[in-house]
Amino acid sequence: MTALLERLFSSGTIALFAAGILLLETVLLLRVLSNRSSRQLMLWNTFSGLSLISALYCALSGMSWKFTALFLSLALFAHIGDLHIRLTTVKNSSNDQP
């Protein structure tokens, strides 16, 4: 069991499993979510998560640090997009109340 875990982590394969689970979860949740804002949040959140998992894969598999930095930068961009939608939604909903 320890040897299996060592191979999964040292090769970065564990990150690929995590990405697959995240994508499956996203597909299932997008089928359930009907609100446009919720769907947008889900996509931005998935983009952020996949970027972080990709950075982890790059680091674990011994790729150049430049790829890790690229994916971390993409995760920051996705996080900012997610925050923008969340703050816009909160602002719009507070304006609707008397």
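**Exercise 1. Identify the residues of the nonpolar surface patch in this predicted model, and place Phe9 within the structure.**

Step 1. Met1, Leu4, Leu5 and Phe9 make a nonpolar patch of about 430 Å² on the surface.

Step 2. Phe9 belongs to helix H1, which covers residues 2-11.

Step 3. The relative accessible area of Phe9 is 43%. Partly exposed residues fall between the 20% and 50% limits, so Phe9 is partly exposed.

**Exercise 2. Classify the ring pair of Trp44 and Phe47 as stacked, edge-to-face or tilted.**

Step 1. Searching the whole structure gives three aromatic pairs.

Step 2. For Trp44 and Phe47, the ring centres are 6.2 Å apart and the planes stand at 50°. Stacked requires under 30 degrees and edge-to-face over 60, so this pair is tilted.

Step 3. Both residues sit in helix H3 (residues 36-60), with a spacing of three residues, about one turn of the helix.

Step 4. Trp44 has a relative accessible area of 25% and is partly exposed; Phe47, at 28%, is also partly exposed.

**Exercise 3. Classify the ring pair of Phe47 and Phe77, and state which helices it links.**

Step 1. The ring centres of Phe47 and Phe77 lie 6.3 Å apart, with the planes at 80°, so the pair is edge-to-face.

Step 2. Phe47 is in helix H3 and Phe77 in helix H4 (residues 65-96); the two are 30 residues apart, and the pair links distant parts of the chain.

Step 3. Phe77 has 48% relative accessibility and counts as partly exposed.

Step 4. Trp44, Phe47 and Phe77 together form one aromatic cluster.

Definitions and conventions:
Residues are numbered from 1 along each chain as its sequence is written. This is a predicted model: local features need pLDDT of at least 70, side-chain atom pairs count only at pLDDT 80 or more; totals for chains, interfaces and linings use all residues. Side-chain values use heavy atoms; hydrogens and water are left out. Patches are made of residues with over 30% relative accessible area and no salt bridge: like charges are joined within 9 Å, nonpolar side chains (Val, Leu, Ile, Met, Phe, Trp, Tyr) within 5 Å. Accessible areas come from the Shrake-Rupley method with a 1.4 Å probe; for residues, only the protein chains shown count as cover. A salt bridge is a side-chain nitrogen of Lys or Arg within 4 Å of a carboxyl oxygen of Asp or Glu. Helices (H or I, at least four residues) and strands (E, at least two) are DSSP runs, numbered from the N terminus. Buried means under 20% relative accessible area, exposed over 50%, partly exposed in between (1.4 Å probe, protein chains only). Rings of Phe, Tyr and Trp (its six-membered ring) pair if their centres lie within 6.5 Å; planes under 30 degrees apart count as stacked, over 60 as edge-to-face and the rest as tilted.
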